[in-house]
Amino acid sequence: MTIRPITIYGEPVLHAVTREVTVIDDDLQTLIDDMFETQDAAHGVGLAATQVGVGLRLFTYEFANDDGVPERGVVINPRLQLGKVSKVLPDPDEESEGCLSVPGATYPLKRAEWVRVTGLDRNGEPLDFEATGWFARVMQHETDHLDGKLYVDRLEDRYKKRAFKFMKNRHWLVPGNTWTPGEDEDPFGH
């Protein structure tokens, strides 16, 4: 297994819709293993293939939940059915997200409290489960990556302005920026 560099906002693969996985082979299994290794080294709860520069529709996750779903897994070709998203402003203390592709920043964002997830596991077997609370948030965040969106793209205007100023000051709004967990300083202070 290999720890791969994590792409940072501005890298084109992060802003494009991914391709469906059509073949589950040894190369895909290697990618999945590398994604877990990278996610673990970065102390992340999820990692989309785009975040390691691969435009395929899959993500890994590790998140303890009360939904009866294994806390560590892979979702290939995910599709989400979302519950209603509240129109109330997000609570900065309870609803702030971070992202390994916007390292070191967190901003409040409202998400649906319930989702149904369908897709395939790493062996090509069908998945169909419900996720609630923060586990639902993780599923939405990672699936957004596969649709070419990052959480900062969904922020309400005042937080979006702060986020883009943060990224502009770090020269991240252009291609070519990455960080490598275990080699570069941990931007989240783990």
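I take strands here as DSSP runs of E with at least two residues, numbered from the N terminus. The model I am reading is a predicted one.

**Entry 1: Asp186**

I started with Asp186, which I found in the segment after strand 9, residues 178-179. Is Asp186 buried or exposed? With buried set at under 20% relative accessible area, Asp186 counts as buried because its value is 19%. I then looked up its separation from His43: the two are 143 residues apart in sequence, yet 9.1 Å apart in space, C-alpha to C-alpha.

**Entry 2: Thr38**

Next I went to Thr38, which sits in helix 1, residues 26-42. Its relative accessible area is 0%, so Thr38 is buried. Which residues does Thr38 touch, leaving aside its neighbours within four places in sequence? I listed Thr2, Ile3, Arg4, Ile6, Leu47, Val52 and Pro181 as its contacts.

**Entry 3: helix 2**

I moved on to helix 2, which runs over residues 133-146. Its 14 residues should span 20 Å at 1.5 Å a residue, and I read 21 Å between the end C-alpha atoms, which agrees. How many residues of helix 2 are buried? I noted 12 of the 14, so helix 2 is mostly covered. Among the buried ones are Phe135, Arg137, Met139, Gln140, Glu142 and Asp144. What do the buried residues of helix 2 pack against? My list has strand 2 (46-48), strand 3 (58-62), strand 4, strand 5, strand 7 (114-120) and strand 8 (126-132). Just after the helix, I noted that Gly148 has a positive phi of about 80°.

**Entry 4: helix 3**

Helix 3 covers residues 157-169, 13 in number, and I read 18 Å from its first C-alpha to its last, close to the 18 Å expected at 1.5 Å a residue. Which residues of helix 3 are buried? They are Tyr159, Ala163, Phe166 and Met167. These buried residues lie on the same side of helix 3 because they cover an arc of only 95° around the axis. On the other side I found Asp157, Lys161, Lys165, Lys168 and Asn169 exposed. The buried residues pack against strand 6, residues 106-108. After helix 3 comes His171, with a positive phi near 60°.

**Entry 5: the largest pocket**

Now for the pockets. I put the volume of the largest one at about 340 Å³. Its lining has 20 residues, with Gly44, Val45, Gly46, Gly98 and Cys99 nearest the centre. Strand 5 (96-98) and helix 2 are the elements that give two or more residues to this lining. Which element gives the largest share? I found that helix 2 does, with five residues. Sorted by class, the lining has eight nonpolar, nine polar and three charged residues.

**Entry 6: the second largest pocket**

The second largest pocket holds about 230 Å³ of space. I counted 15 lining residues, and those nearest the centre are Leu82, Arg111, Gln140, Asp144 and Arg154. Gln140 and Asp144 are also on my list of buried residues in helix 2. Strand 4 (72-82) and helix 2 each supply at least two residues of this lining. Which of the elements gives the most? Strand 4 does, with four residues. By class I wrote down six nonpolar, two polar and seven charged residues.

Terms used. Residues are numbered from 1 along each chain as its sequence is written. This is a predicted model: local features need pLDDT of at least 70, side-chain atom pairs count only at pLDDT 80 or more; totals for chains, interfaces and linings use all residues. Side-chain values use heavy atoms; hydrogens and water are left out. On a 1 Å grid over the protein atoms alone, a cavity is a set of points where a 1.4 Å probe fits but cannot get out, and a pocket is an open set with protein on both sides within 12 Å along at least five of seven lines; lining residues have an atom within 4 Å of a point. Grid points are joined across faces, edges and corners, and a volume is the space filled by probe spheres set on the points. Ala, Val, Leu, Ile, Met, Phe, Trp, Tyr, Cys and Pro count as nonpolar, Asp, Glu, Lys and Arg as charged, and the others, Gly among them, as polar. The expected span of a helix is 1.5 Å times one less than its number of residues. Buried means under 20% relative accessible area, exposed over 50%, partly exposed in between (1.4 Å probe, protein chains only). The arc is that of the directions from the helix axis to the C-beta atoms. Contact means heavy atoms within 4.5 Å.
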